[in-house]
Every structure is written in C-alpha cells, then in structure tokens.
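Welcome, and please have your viewer ready with the selection tool at hand. We will go from stop to stop, selecting a few residues each time.

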Amino acid sequence: MLKYLIAAGFGLVSLMPSLSLAAEPESCKKVRFSDVGWTDITSTTSISSIILEALGYEPSSTMLSIPVTYASLKSKEIDVYLGDWEPAMVQDRKPYIEDKSIVVVGPNLEGAKYTLAVPKAAFDAGVKDFADLQKYADKFDHKIYGIEPGSTGNNMIQAMIDKNDFGLKGWELVESSEQGMLTQVDRQIKHDGWVVFLGWEPHPMNTKYRSPI
C-alpha cells in the first residue's frame with residue numbers, strides 16, 4: 001500500500017485552443033487530443049474518443065510532453081488536452097491564457113490528489129510528512145522519483161530541493177516517465193526497500209499497492 005505524505009485537493013480541467021463562435025465546418029470532425037502518457041489521462045482521452053466516434057467525429061491522439069502540448073494548442077496543431085492539473089499547472093499555462101491562445105473549458109474531475117507518496121512500510125515507520133523525509137534520507141538514498149522532464153510535478157519537486165524546503169537540499173530528483181518511476185517503486189517494494197515518488201489519484205497505483213507485491 002502506498003501512503004500519501006500530503007493529500008492536497010486538485011482537479012483536472014480540459015484545455016482547447018481559443019476559437020471564435022461559428023458554424024461547425026467539416027474540418028471540425030477531426031478532433032486531435034494530446035496524451036502526455038499518464039495512465040489516468042490516457043483513460044479519459046480514450047473514453048472521450050469513444051464518445052466522439054459515436055457522435056460521428058474522427059478523434060486521434062498524439063503523445064506529447066506538457067510544454068509541447070501547450071505550444072501545440074497555441075499553434076492549433078492539437079485541439080484538446082484533458083489532463084491539466086489545477087492549481088498545480090496554473091502558472092505553466094498562464095502565458096497562454098493571457099494571450100488568449102488557449103481556453104479552459106472546465107473541470108472534468110474534482111477532488112484529485114497530487115503529492116509525494118511512500119510505501120506503507122515507510123509510512124508505518126514514521127514517514128508521514130514531507131518534513132520526515134530528511135530524517136530517513138539514507139533509507140531513501142537521498143532520491144525522489146518523478147516522471148518525465150518538464151512536468152509540473154518534477155518542477156515543484158526540484159524547486160523544493162533547490163530552496164532546501166523540508167531540509168531536502170542535496171537530494172536528487174530522478175526523472176524518467178510514469179512507467180519508469182513505477183517500475184522503480186515495484187522494484188523497491190518487492191525487495192522491502194523504501195522509495196519516495198510522485199503519486200496521484202485517481203490512478204491504478206492506488207489499487208495496485210494496496211497489498212504487498
């Protein structure tokens with residue numbers, strides 16, 4: 001079982017390029033989604049695509065990083081992105097909102113969580129808050145595992161390290177991908193190791209780690 005160190009409330013919002021109201025042209029049948037490779041966003045994008053297909057549209061999705069997603073929305077190479085975490089990504093998207101190149105359609109999920117997580121063994125041993133990480137730094141090998149470079153979550157973690165928040169100066173942010181990060185989590189739990197990583201809900205990790213691997 002994984003344990004969240006801080007369970008902050010978040011919501012997911014949908015983004016799309018800024019468009020003036022007009023009759024729907026034939027070109028609007030093609031709906032291009034950005035998929036950033038996170039399991040939860042892939043799921044919502046797939047469900048939306050099934051619904052759109054039933055309505056006669058032609059959806060497609062492209063795997064893109066968060067920075068490229070924003071740029072592609074602005075250039076209208078992508079039409080919709082369903083996984084903007086709020087309030088975490090507010091500053092990242094701010095320039096695009098200000099120049100009116102993208103618009104926030106609205107929330108598609110409320111009450112999500114986005115924070116750091118540890119295995120149950122570490123939580124039961126006393127790691128219940130960010131401030132507890134430094135106490136057990138050697139057990140964690142002074143590393144925090146994140147997802148892909150450029151993600152807001154990684155940037156927030158690196159900012160904590162740089163500012164020595166919670167005594168984390170000198171720790172290393174290990175960037176890879178959602179899949180790479182969770183592979184490391186699997187490995188550490190299997191061998192009774194400790195690991196601190198970027199966790200969020202909803203996500204299958206919350207079900208997978210309810211029992212020891």
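Start by selecting Glu201, which is partly exposed at 26% relative accessibility; here buried means under 20% relative accessible area, exposed over 50%, and partly exposed in between (1.4 Å probe, protein chains only). Before moving on, note that this is a predicted model, in which local features need pLDDT of at least 70 and side-chain atom pairs count only at pLDDT 80 or more, while totals for chains, interfaces and linings use all residues. Residues are numbered from 1 along each chain as its sequence is written, and side-chain values use heavy atoms, with hydrogens and water left out.

**Stop 1: strand E9 and its neighbours**

Add Lys113 to the selection: its side chain meets that of Glu201 in a salt bridge (3.5 Å, N to O). The term stands for a side-chain nitrogen of Lys or Arg within 4 Å of a carboxyl oxygen of Asp or Glu. Glu201 lies in strand E9 and Lys113 in strand E6, so this pair ties together parts that are 88 residues apart in sequence. Lys113 is partly exposed too, at 27% relative accessibility.

Now select residues 196–201, the whole of E9: 5 of its 6 residues are buried, so the strand is largely enclosed by the rest of the structure. Helices (H or I, at least four residues) and strands (E, at least two) are DSSP runs, numbered from the N terminus. Show residues 102–119 as well, because this is E6, which pairs with E9 in the antiparallel sense over 5 bridges; two strands pair if DSSP finds at least two bridges between them. Tyr114 has Trp200 as its bridge partner in E9. Next, bring up residues 143–145, strand E7, which pairs with E9 in the parallel sense over 2 bridges. Here Tyr145 stands opposite Phe197.

**Stop 2: strands E3 and E4**

Select residues 30–35 (E3) and 58–63 (E4), which pair in the parallel sense over 6 bridges. The chain crosses from E3 through helix H1 (residues 39–54) to E4, and this β-α-β crossover is right-handed: with the strands pointing away from the viewer, the path from the first strand over the helix to the second runs clockwise. Asp35 has Met63 as its bridge partner in E4.

Which residue forms a salt bridge with Lys30? Pick Glu58, where the closest N and O atoms are 2.9 Å apart. Since Lys30 lies in E3 and Glu58 in E4, the pair ties together parts that are 28 residues apart in sequence. Lys30 is exposed, with a relative accessible area of 52%, whereas Glu58 is partly exposed at 42%.

Stay with E3 for one more click, on Arg32 and Asp79. The backbone nitrogen of Arg32 lies 2.8 Å from a polar atom of the Asp79 side chain. Asp79 sits in the loop between helix H2 (66–74) and strand E5 (81–86). Is Asp79 buried or exposed? Asp79 is buried, with a relative accessible area of 18%.

**Stop 3: helix H1**

On H1, click Ser46, which is partly exposed at 38% relative accessibility. From Ser46 to Ser61 the distance is 8.8 Å, C-alpha to C-alpha, with their positions 15 residues apart in sequence. Ile51 also belongs to this helix and is partly exposed at 49% relative accessibility.

**Stop 4: more salt bridges**

How many salt bridges does the structure hold? There are 12. For a last selection, take Asp84, Glu86 and Arg93, which are linked in a network of salt bridges.

How values were computed: A polar contact is a pair of N or O atoms within 3.5 Å; within protein, one must be able to donate a hydrogen and the other to accept it, and residues adjacent in sequence count only if both atoms are side-chain atoms.
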